[in-house]
Amino acid sequence: MPEDGSGCIVGIEDLPEQECVCVATAAGDILLCNLSTKQVECVGSVDSGLSTMSWSPDQELVLLATGQQTLIMMTRDFEPITEKQIHQEEFGEGARKVRVWNRELVLQSTSEPISRLEQALSWKPSGSLMASTQEKPNRHDVVFLEKNGLLHGEFTLPFQKGQVKVNELLWNADSTILAIWLEDLKVENSHTNSYVQLWTTGNYHWYLKQSLHFGSLEENRLVSLLWDRENPYRLYVLCQGWHYLSYDWHWTTDHGMGENSQHMSNVAVIDGDKVLVTAFQHAVVPPPMCTYELQLQQAVNQVAFHTDPKHSGDMAVLDACNKISVYRYGQSTMNDPTVRFGAVGGNGFKAAVETPYLDKTYSDSNEVMNPLGLRFLTWLPDDSFLVVGQGQHAAQSVLHHLTAVPHVAGAEEEHLNLRLSVPVDGEVISLCCSPETRTVAVQLADGQILKYVWEASAPVLEPWQTSNGSAVQFPYPCVQTSITRISGEEMILGLTDRYRFFVNDIEVASNITSFATYNEFLLVTTNSHTCQCFCLKNISVKALQAGLSSAAAPNSETLRKVERGSRIITVVPQDTKVVLQMPRGNLETVHHRALVLAQIRKWLDRLMFREAFQCMRKLRINLNLLYDHNPKLFLENAETFIRQIDSVSSINLFFTELKEEDFTKSMYPSLNGTCNAQPLQHSDQKKVNVISFSYCRYCLSILTAHVKKSPPELEIALQKVHDLQENVTPDVKAVSAEEALKYLLFLVDVNELYDYSLGTYDFDLVIMVAEKSQKDPKEYLPFLNTLQKMETNYQRYTIDRHLKRYTKALGHLSKCGPEHFSEFLNLVKDQNQYCEALKLYPSSTQEYKDISDAYGEYLIQKQLYEQAALIFARAGIFAKALDAFQNSGSWQQALCMASQLGYTKDKLSSLARSMLLTCFADYEMPNCPELDLFSETSSVVTASDMNSKYSHSNSRISARSSKNRRKAERKRYSLKEGSAFEDMALLEVLGESVRAVETVKDIHILLKQLVLFGYDEQAGALQQVLEEVLELMETSIPEIWTPDLQQSSVNPVLGPNSTANSIMAAYQQKRMMTPVMKDQWALRLSKHCYMPTVLTFIQL
């Protein structure tokens, strides 16, 4: 090219069919460079020179702008068609800024003058719009023009006026993305920055989805930007230093999914330097509206939700400067200025949605030359991050595992430490994490799947293998992947951009537009405009493939119709909502029948009848399912159902829909094939009659039920009568409060009912009962008037003491303040309510210590020294605890108390000697185990001296032979059903279970320690379990070893009619019955001698 610049390139076009490149120079030459022969041919020349060259999208026509301000249209073979002047005056007056010619180069339209319209211009491939840029007084806009030259929409660039210039606008092949190439305006003594921004539109709003910052280095300055013609989401970038970059983009939905009902099902949308977050648990609003938005300092390139299900609402935001901003929920009470409410907030409205706060901002200390050098950010459950970087070679990636560096005081930003870098031989195109198995699936461009286990001692990257050991590799790269379980086996789901759906390497469908996993369900949308749901719990891959390939029945709960082009955004956990997005950007919420029925079944199993009933009414699910799901459970909880529904009309609606049909078999069969229903004892009865009989006792019957309970629930019955008086109904058939009270007085003595009414603290109810009694008003009115003048807690204390309900009285008196504590302590001492009193005060208070002191003195009076010592020790009264432990003979605990009191070594030694002398003096006491220890030790030594090596050898042989004999007997008496000696084996096993009780004889030591350290609930639970086991054994022994069995074991069957087998079995039963009878004696000894000691401690 000439050095004067006249030969510089003004246009270049790749012509694949001709295998050459067309180049236009400023000097006017048109050159064809053959790529196969490497030859250059000049096919034409324009004397006035060329300013630009442009080819039609089908490469059938080429348009040249000459130096004489003319347009020359030529064919692909460079044959001239026509030539026209650019500045024509056929339409309108004055200078025109935008002129539109048709394919025959006939001027179609001329726009009105547009002030400060810039040179960048790009025609939208699918549509009649052109994009350009315009500087306005206070902003820099991208504007759109129609074919007729009229303006049609605009959006503002995120820069100040005069900060940048737009070099070029480029639409991708399917017109979904607009790429903008920008540069900073030149400033003296500084280098300009280059940017590439990718914009998309939805719901008439333009979003800045990606921002690539190329920095200010000269070698990184952009030279060319180009979209691929065949792959609409591939972008090519060429930099000044011959640095070539290729970016492949795909759409993804950033959403959280977890257990926390407050912050789950959040979906994030990137919009420049803002992240729009919608909490679909609370509000379904389409973008650009949102629940709240996060304001960042730089443009956002990626959002990653925490993969820990308990923190699924937390977000990590990666911006264009490779900084990671972490937003968390729940720990900060201050409002974050970077978080602002969206559609749910406003003037006069208070949002009930919790918002996150900016916890930390991490910066990357390493200079990354390429924009988007860190990608596929994944926030692991252990609060570390996984990102993918570029390797040393073009087809190599690096998997970086980053952890937080300890915070440095005064630092505005924190840094991430590189825990591990794993080179990957291939281009990583996706990551997906499974918090259950703590693994990450890494997909390469060739479809290969690798597994990264980050919690291993040495994290490794290995091929993902199926259960039979074969490596998993998708036949085609997938733009969406997920890890799930199918029939209990962990598998990889993948969806390509051509709607091909894979499970591991098996293609199960070719018409899937989107998918989502939720618990054990898989939801997919198809090209046939349906949404299908499958339960993966008990299904094979072949069955799933068959279900996706065949059309389900129209009334099947697995399939429903959806709007054309719908794709799944999220499934709201613990709910029935599936959120779909339409192609134009709006949202639609559907309640898929399979998810609805699954959620209703969960509610019914948890006895949440109100939620199930409301959902069934709203979504038109037949109410028979309330009963048919589990008839036994429903009838057993009839009162719960009535209490939760709490509406006569709703209950009547339920009765009117009842039919003699099992809807779990006809209309609503379970997807997973399992059923939790328990059969009724009288299954021959009709369903409607069974339910009607169970619910006929609605008003007076309920009062009767409360009175007849043991103990009677008279307060509840009185409260229902009072509710009838408050809620007067015009229904003449309804039971009035007066009738209900008369009926209640028929069942209960009036004086007893008066006391119970007084115990409700409702004076209106007391007067209502008193008026129906024979009491003189002079007897009860003065007392009631005195009570009404008291403070509420003291009033209730007085009532409870009057009714001798001392436990409740203590509870109310404890709330009256410290000035009433002396009265409280006196009541505790008078009524021996020490245990209940200790529950009312924290262990750190002085009141707790005073109560414990009184309780310990009371136990000492009862000569329960060890229990008293425990009480003293729990309250920190160590001196009294020491004396009590000494009196009980617990020398270990006594020494512990002495240590707490700060005894010197001499005092400790003196204390130990005195207790040892006491123990020797009273050697018959069972509380001195050292004497037994000394005795056992001396016995062992004596036996060791007396025995010889031959006796030891004989004993070992004898023990071995007896062990082998017992082993052979156990093998002979098999528990296998139908074996010859199955009954013998059962008796032997049951006998061993009874003998095993003796192994827990030292459990009282554990109970004492639990009580000492304040674990009362655990001690009570342990005691309860042990008591139940002993009770079960004691009641089962007479059923297992019946008197007839014991008698037959004593008298073996002998005689002429006996056989060898019968005689051997009879003798074997006799042999087995002897230890069993001993076991019964041991069991009774354990229960009656050992249990009272344990129960004493639980009463604490």
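## Exercises on a predicted model

In helix α27, which spans residues 1003–1012, the buried residues are I1003, L1007, K1008, L1010, V1011 and L1012. Just after α27 comes G1014, which has a positive phi near 85°. Keep in mind that you're working with a predicted model.

### Exercise 1: Check a helix with a ruler

Work out what span helix α28 should have, and compare it with the distance between its end C-alpha atoms.

*Solution.*
- Step one: get the length. Helix α28 covers residues 1016–1040, which makes 25 residues.
- Step two: get the expected span. The rule is 1.5 Å times one less than the number of residues, so α28 should span 36 Å.
- Step three: compare. The end C-alpha atoms of α28 are 36 Å apart, which agrees with the expected span.
- Step four: look at which side chains hide. A1019, Q1023, L1026, L1030, M1033, S1036 and I1037 are buried in α28. Here's a handy rule for reading such a list: an α-helix has 3.6 residues a turn, so residues three or four places apart point the same way.

### Exercise 2: Follow the salt bridges

Find out which parts of the chain the salt bridge between R229 and E13 ties together.

*Solution.*
- Step one: check the pair. The side chains of R229 and E13 meet with N and O 2.1 Å apart, and the cut-off for a salt bridge is 4 Å.
- Step two: place both ends. R229 sits in the loop between β19 (222–227) and β20 (234–239), while E13 belongs to strand β1 (residues 9–15), so the pair ties together parts 216 residues apart in sequence.
- Step three: see how open each end is. R229 has a relative accessible area of 47%, so R229 is partly exposed. E13 comes out at 16%, so E13 is buried.

Now try the salt bridge between E154 and K136 in the same way.

- Step one: the closest N and O atoms of E154 and K136 are 2.7 Å apart.
- Step two: E154 is in strand β14 (residues 151–156) and K136 in strand β12 (residues 130–136), so this pair links distant parts of the chain, 18 residues apart.
- Step three: E154, at 39% relative accessibility, is partly exposed, and K136, at 16%, is buried.

One more pair: K839 and E836 also form a salt bridge, at 3.7 Å from N to O. K839 is exposed, at 63% relative accessibility, while E836 is partly exposed, at 28%. Elsewhere, salt bridges with shared partners join K136, R139, D141 and E154 into one network. The whole structure has 24 salt bridges.

### Exercise 3: Hunt for disulfides

Why does C20 make no bond with the cysteine sulfur closest to its own?

*Solution.*
- Step one: recall what you're looking for. A disulfide is a covalent bond between the sulfur atoms of two cysteines.
- Step two: find the closest candidate. For C20, that's the sulfur of C22, 7.4 Å away.
- Step three: compare with the cut-off. Two sulfurs must be within 2.5 Å, so C22 is too far from C20 for a bond.
- Step four: zoom out. A search of the whole structure turns up zero disulfides.

As a side note, C20 is buried, at 5% relative accessibility, whereas C8 is partly exposed, at 39%.

### Exercise 4: Explore the largest core

Which residues of the largest nonpolar core touch the most other members?

*Solution.*
- Step one: start with the background. In soluble globular proteins, nonpolar side chains tend to be buried together.
- Step two: pick out the hubs. The largest nonpolar core has 38 residues, and F824, I851 and F885 touch the most other members.
- Step three: find the helices involved. Among those supplying at least two residues each are α17 (821–831), α19 (846–861) and α21 (878–888). The biggest contributor is α20, with six residues.
- Step four: zoom in on F824. Leaving out neighbours within four places in sequence, F824 contacts L810, L813, S814, A837, L840, Y841 and I851.

### Exercise 5: Decide where to trust the model

Where is confidence lowest, and where is it highest?

*Solution.*
- Step one: take the overall view. The chain has a mean pLDDT of 81, and 80% of its residues reach 70 or more.
- Step two: find the extremes. Helix α24 (residues 929–946) is lowest, at a mean of 38, and strand β41 (residues 501–503) is highest, at 96.
- Step three: check the weak stretches. Over residues 925–955 the pLDDT is below 50, and this stretch has ten contacts in the model beyond near neighbours in sequence. Residues 90–94 also stay under 50, with five contacts beyond four places in sequence.

How values were computed:
Residues numbered from 1 in each chain as written. Heavy atoms only, no water. Helix = DSSP H or I, 4+ residues; strand = E, 2+ residues; numbered from the N terminus. Buried < 20%, exposed > 50% of the residue type's maximum accessible area, 1.4 Å probe, protein only. Core = buried A, V, L, I, M, F, W, Y, C linked by side-chain atoms within 4.5 Å. Contact = heavy atoms within 4.5 Å. pLDDT = per-residue confidence, 0-100.
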